[in-house]
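Biologist: I'd like to learn how to read this one properly. Can we go through it feature by feature?

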Amino acid sequence: MSNYEVVMGLEVHVELATKSKLFCSCSAAFGADPNENICPACMGMPGMPAILNKHAVELGITAGLVTNSEISPVITFDKKNYFYPDLPTGYQITQFFFTNM
Ligand SMILES: [Zn+2]
């Protein structure tokens, strides 16, 4: 008998059916010409604020609820100021600051 409790976390990547991107109002539709649906915010230009897509948050929470997941009451976003190959816009979501509110 083990004295350890196995705890696992999953990082799940999904594409939500939104009409616009997560951090700006640019279209998320496929089929446009290259660099057509872009703006300074989604290009990660310095100083551009992220405007969170409310519908994406609603869909994400819904996905969590239907999978009987615990939904954090607090979600924060940190803007990273360095280039990372799979994070070119410089935004990273984290629930590191989770608190029981
Ligand atoms: Zn954009």
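Modeller: Sure, and let's start with contacts: two residues are in contact if their C-beta atoms, placed from the backbone, lie within 7 Å. Keep in mind that this is a predicted model. As a first case, Leu59 touches Leu16 and Thr18, not counting residues up to four places away in sequence.

Biologist: Where does Leu59 sit, and how far apart are Leu59 and Leu16 in sequence and in space?

Modeller: Leu59 is part of helix α1. Leu59 and Leu16 are 43 residues apart in sequence, yet their C-alpha atoms are 6.9 Å apart in space.

Biologist: Is Leu59 buried, exposed or partly exposed?

Modeller: The idea is to count neighbours: 20 or more other C-beta atoms within 10 Å means buried, 12 or fewer means exposed, and anything in between is partly exposed. Leu59 has 15 other C-beta atoms within 10 Å, so it comes out as partly exposed.

Biologist: And what share of the chain is buried?

Modeller: Buried residues make up 5% of the 101 residues in the chain.

Biologist: Let's do the layout. How many helices and strands are there, and in what order do they run?

Modeller: The chain has one helix and two strands. Going from the N terminus, the order is α-β-β.

Biologist: How do I check that the geometry of a helix makes sense?

Modeller: Compare the span you expect with the distance between its ends; the expected span is 1.5 Å times one less than the number of residues. For α1, with 13 residues, that should give 18 Å, and the end C-alpha atoms are 18 Å apart, so the two agree.

Biologist: Which element has the highest mean pLDDT, and which the lowest?

Modeller: Among the elements of the chain, α1 has the highest mean pLDDT, at 94, while strand β2 (residues 91-94) has the lowest, at 54. Across the chain the average is 81, and 75% of the residues score at least 70.

Biologist: Back to contacts, then. What about the segment before α1?

Modeller: Ile51 is a handy place to look, since you'll find it in that segment before α1. Setting aside neighbours within four places in sequence, Ile51 is in contact with Phe23, Cys24, Ser25 and Ala41. The C-alpha atoms of Ile51 and Ser25 are separated by 7.9 Å, though the two residues are 26 apart along the chain. Ile51 counts as partly exposed because it has 13 C-beta neighbours inside 10 Å.

Biologist: Now look from the other side: what does Ser25 touch?

Modeller: Not counting residues up to four places away in sequence, Ser25 touches Ser20 and Ile51. Ser25 also belongs to the segment before α1, and with 13 other C-beta atoms within 10 Å it is partly exposed. From Ser25 to Asn53 the C-alpha distance is 7.7 Å, across 28 residues of sequence.

Biologist: How much of the contact pattern joins residues at least 24 apart?

Modeller: Take the contacts between residues at least 6 apart in sequence: 42% of those join residues at least 24 apart.

Biologist: What happens in the loop after the helix?

Modeller: Try Ile71, placed in the loop between α1 and β1. Leaving aside neighbours within four places in sequence, Ile71 is in contact with Ile61, Gly64 and Leu65. The C-alpha atoms of Ile71 and Gly60, 11 residues apart along the chain, are separated by 9.7 Å. Ile71 is exposed, because 10 other C-beta atoms lie within 10 Å.

Biologist: Last topic: backbone angles. Which residues should I look at?

Modeller: Scan for positive phi in residues that aren't glycine. Asn68 is one of them, with phi near 55°, and it follows α1. You'll find Asn68 in the loop between α1 and β1 (76-79). Asn35 is another case, with a positive phi of about 60° although it is not a glycine. Asn35 lies in the segment before α1 (54-66).

Biologist: Are these two asparagines buried or exposed?

Modeller: Asn35 counts as exposed because it has 7 C-beta neighbours inside 10 Å. Asn68 counts as exposed too, with 6 C-beta neighbours inside 10 Å.

Key: Residues are numbered from 1 along each chain as its sequence is written. This is a predicted model: local features need pLDDT of at least 70, side-chain atom pairs count only at pLDDT 80 or more; totals for chains, interfaces and linings use all residues. Helices (H or I, at least four residues) and strands (E, at least two) are DSSP runs, numbered from the N terminus. pLDDT is the predictor's confidence in each residue, from 0 to 100.
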